[in-house]
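Student: Hi, could we go through this model together? I'd like to start with its surface.

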Amino acid sequence: LKGMIDDISDLETDAADAEFDAAKKSPWPPQMRDQVWADRVRLRHKMKKEMVQYRDFMKKVGGKEGLKQFLEEEVGPSTLWRIIQMPRTEVTEK
């Protein structure tokens with residue numbers, strides 16, 4: 001886990017150390033903890049790379065209120081629920 005955290009270039013040394021220290025305090029068994037934190041670090045890294053797309057989308061829908069309206073009208077409660085509860089196996093890794 002430490003190696004993965006250190007390999008992600010967008011984490012400064014202090015942030016990487018804080019990330020690793022937080023992982024060590026996890027209540028989960030070591031193998032499970034490492035998998036959870038590795039998934040978290042991968043997701044965070046992927047989302048940071050896509051930040052421009054998020055920013056553009058938020059402008060397009062009209063900010064927070066526009067996002068709320070978009071989710072209610074375009075996505076709908078049942079689809080939104082499924083997205084939030086999406087199994088890890090359905091989340092694509094790139």
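Student: So how much area does the protein chain expose?

Tutor: About 7,700 Å², with carbon and sulfur atoms supplying 57% of that (Shrake-Rupley method, 1.4 Å probe). Do note that this is a predicted model: local features need pLDDT of at least 70, side-chain atom pairs count only at pLDDT 80 or more, and totals for chains, interfaces and linings use all residues. Numbering runs from 1 along each chain as its sequence is written, and side-chain values use heavy atoms, leaving out hydrogens and water.

Student: And what share of the residues is buried?

Tutor: Of the 94 residues in the protein chain, 16% are buried (under 20% relative accessible area, 1.4 Å probe, protein chains only).

Student: Which residues of H3 are buried?

Tutor: Arg33, Trp37, Ala38, Val41 and Lys46.

Student: Switching topic, what secondary structure is there?

Tutor: Six helices and zero strands (DSSP runs: H or I, at least four residues, for helices; E, at least two, for strands).

Student: Back to H3, what is its end-to-end distance?

Tutor: The end C-alpha atoms of H3 (residues 30–49) are 28 Å apart, which agrees with the 28 Å expected for 20 residues (1.5 Å times one less than the number of residues).

Student: How many residues does H4 give to the lining of the largest pocket?

Tutor: H4 (51–61) gives four residues, the most.

Student: What classes make up that lining?

Tutor: Ten nonpolar (Ala, Val, Leu, Ile, Met, Phe, Trp, Tyr, Cys and Pro), two charged (Asp, Glu, Lys and Arg) and one polar residue (the others, Gly among them). Lining residues have an atom within 4 Å of a pocket point, a pocket being an open set of points on a 1 Å grid over the protein atoms alone, where a 1.4 Å probe fits, with protein on both sides within 12 Å along at least five of seven lines.

Key: Buried means under 20% relative accessible area, exposed over 50%, partly exposed in between (1.4 Å probe, protein chains only).
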